[in-house]
Amino acid sequence: MVRSGQDPYARNKFNQVESDKLRMDRAIPDTRHDQCQRKQWRVDLPATSVVITFHNEARSALLRTVVSVLKKSPPHLIKEIILVDDYSNDPEDGALLGKIEKVRVLRNDRREGLMRSRVRGADAAQAKVLTFLDSHCECNEHWLEPLLERVAEDRTRVVSPIIDVINMDNFQYVGASADLKGGFDWNLVFKWDYMTPEQRRSRQGNPVAPIKDVVRLLIFLPAADTVSPKWEQIEGNSKLRHVGSNLCLDSRAARNGGLSVEVCGPALSQQWKFTLNLQQ
């Protein structure tokens, strides 16, 4: 809760006052392509463990993330939601959410950072498919089925949904273009690039086909990322316990054909925020 006179942006880099005003199950517009809204998904999809890591997250944003996963996903496809509290100042931030059905809360004994926390969640996961979410996002209609269908077709795939935007000031929904591809420059700064005219023309016959994407640094993925079946417990985990570990998981994605963006699987993301953790 933001006290009177406090900067509502100070803690989370978004307007927490506006976040706290919103319902935990607020309605958001369905921005999927018409073909996506008519599509029927396989009935034999595998269930997934959703791993969400957080540190000092606004309780309202974290709650909306969890509620959106449960509300916008078929119940049989959510094995569990694992919240990994990366040593938040107030242990109650996540503990209260542990009372929700299917939600498990793990708390680190010290700051471990994003990738070590995700690995801890992966270690504890019971499902064979892992889905990683940020702690300040909201899932849209039928966001999960297209991701799981792609993984069910090929267990080596890494898939991401279209990433829509939540305005950091007023929390209005902003639909994102499906003509974007993620990438990073030589300074390893993540960015979005428009497809070339030739690439866009090639998709005119099937505008909802998955987009073959360059490998993206998982630390920058703002909404969702799904892998299966735990990638042999994510390469034994040892590689992911060190600084730069996000590159290790990406190298595995590259050897398995890279990452694809599922146009029919939208998810919302909040303004990104980072705090440095230099502990080894």
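Which side chain meets R59 in a salt bridge? Select R59 and D93 to find out: their side chains pair up, with N to O at 2.9 Å. Bear in mind that you're looking at a predicted model.

Zoom out a little and you'll see that this pair ties together distant parts of the chain, with R59 in helix α3 and D93 in helix α4 (residues 92–95), 34 residues apart. R59 is partly exposed, at 37% relative accessible area, while D93 is buried, at 7%. Now add R11 and D90 to your selection: salt bridges with shared partners join R11, R59, D90 and D93 into one network.

Next, colour helix α3, residues 59–71. With 13 residues at 1.5 Å a residue, this helix should span 18 Å, and its end C-alpha atoms are indeed 18 Å apart. Buried residues of α3 include L62, R64, V66 and V69.

Then hop over to the strands and pick E80 and R104. They form a salt bridge, with 2.7 Å between the closest N and O atoms. This one also links distant parts of the chain: E80 sits in strand β2 (residues 78–85) and R104 in strand β3 (residues 103–107), 24 residues apart. E80 counts as buried because its relative accessibility is 3%, under the 20% cut-off. R104, at 29%, counts as partly exposed.

Last stop: D30 and R32. Their closest N and O atoms are 2.8 Å apart in another salt bridge. Here D30 is partly exposed at 30% relative accessibility, and R32 is buried at 10%.

Want to keep hunting? The structure holds 18 salt bridges.

Key
Residues numbered from 1 in each chain as written. Predicted model: local features only at pLDDT ≥ 70, side-chain atom pairs only at ≥ 80, totals over all residues. Heavy atoms only, no water. Helix = DSSP H or I, 4+ residues; strand = E, 2+ residues; numbered from the N terminus. Expected span 1.5 Å × (residues − 1). Buried < 20%, exposed > 50% of the residue type's maximum accessible area, 1.4 Å probe, protein only. Salt bridge = Lys/Arg side-chain N within 4 Å of Asp/Glu carboxyl O.
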